[in-house]
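Thanks for agreeing to look at this one with me. Here are my notes, as numbered points you can check against the coordinates.

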Amino acid sequence: MQFELAQINQITMSELSQEEIAEIKDHFDFFDKDNSGLIDIDEFTQLLKILAPEASQANAIRGFATIDVDHNEQIDFDEFLDWWKMNWTVF
Ligand SMILES: [Ca+2]
Ligand SMILES: [Ca+2]
């Protein structure tokens, strides 16, 4: 079962279906509390508390900087999608 799961993850990483993208967009919209279409550091800190309760504020700041590839201090959906495909592994 472990092996099958790993295979599924690999497929997900290379190619997402429309359904998967829609599902990730739902997560993105959920965390985008002010519906700005972007996730800022405050929203990201809230997100991290749910996904990784043990993460510290320093983790949140470092993680945010890693995900925010273009350094505009906002996470857009493309950046979020790339991060999600890596299974949130940036910390
Ligand atoms: Ca927002
Ligand atoms: Ca950005």
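1. Let me begin in a loop. Ser36 sits between helix 2 and helix 3. Is Ser36 buried or exposed? Ser36 is exposed, because its neighbourhood holds 10 other C-beta atoms within 10 Å, and a residue counts as exposed at 12 or fewer. Ser36 also has a partner far along the chain: Asp76 is 40 residues away in sequence, yet the two C-alpha atoms are 9.7 Å apart in space. Please keep in mind throughout that this is a predicted model.

2. Now the overall layout. The protein has five helices and zero strands, so read from the N terminus the order is simply α-α-α-α-α. Of its 91 residues, 14% count as buried. Among contacts with a separation of 6 or more, 47% join residues 24 or more positions apart.

3. Which residues make up the largest nonpolar core? There are ten: Phe28, Ile39, Phe44, Leu47, Leu48, Ala60, Phe64, Ile75, Phe80 and Trp84. Helix 3, helix 4 and helix 5 each supply at least two residues of this core. Helix 3 gives the largest share, with three residues.

4. Helix 3 covers residues 41-51, and its buried residues are Glu43, Phe44, Leu47 and Leu48. Viewed down the axis of helix 3, these buried residues stay within an arc of 140°, so they line one face of the helix. On the face turned away from that buried side you will find the exposed residues Asp42 and Lys49. The cover over the buried residues of helix 3 includes helix 2 and helix 4, the latter spanning 57-67. Do look at Glu43 in your viewer, as this charged residue is listed among the buried ones.

5. Next, how helix 3 packs on helix 4. The two helices meet at an angle of about 115°, and their axes are 10 Å apart. The crossing is right-handed. On the helix 3 side the contact uses Ile41, Phe44, Thr45 and Leu48, and on the helix 4 side Asn59, Ala60, Gly63 and Phe64. By residue type, this contact divides into five nonpolar, three polar and no charged.

6. Helix 4 deserves a view from its own side. Its buried residues are Ala60, Gly63 and Phe64. Seen down the axis of helix 4, they fall within an arc of 100°, so they line one face of the helix. Helix 3 is included in what covers them.

7. Gly63 is a good residue to centre on in helix 4. Why does Gly63 count as buried? Gly63 has 23 C-beta neighbours inside 10 Å, and the threshold for a buried residue is 20 or more. The C-alpha atoms of Gly63 and Thr45 are separated by 9.6 Å, although the two residues are 18 apart along the chain. Gly63 and Thr45 both appear in the list of residues where helix 3 meets helix 4.

8. A second helix pair to inspect is helix 2 (residues 18-31) with helix 5 (residues 77-85). Their axes come within 10 Å and cross at roughly 115°, and this crossing is right-handed. Ile24, Lys25 and Phe28 in helix 2 meet Phe77, Phe80, Leu81 and Trp84 in helix 5. The residues of this contact divide into six nonpolar, no polar and one charged. Phe28, Phe80 and Trp84 are also listed in the largest nonpolar core.

9. Finally, some backbone angles to check. Most residues other than glycine have a negative phi. In the loop between helix 4 and helix 5, which residues go against this? One is His71, with a positive phi of about 55° although it is not a glycine. Glu73 lies in the loop between helix 4 and helix 5 too, and Glu73 has a positive phi of about 65° without being a glycine. His71 is exposed, with 7 other C-beta atoms within 10 Å. Glu73 also counts as exposed, with 11 C-beta neighbours inside 10 Å.

Technical notes. Residues numbered from 1 in each chain as written. Chains lettered and ligands numbered in written order. Predicted model: local features only at pLDDT ≥ 70, side-chain atom pairs only at ≥ 80, totals over all residues. Axes fitted to C-alpha atoms, helices over the stretch in contact; angles between N-to-C directions. Helix = DSSP H or I, 4+ residues; strand = E, 2+ residues; numbered from the N terminus. Left-handed = near helix turned anticlockwise from the far one by under 90°. Contact = placed C-beta atoms within 7 Å. Arc of directions from axis to C-beta. Core = buried A, V, L, I, M, F, W, Y, C linked by C-beta atoms within 7 Å.
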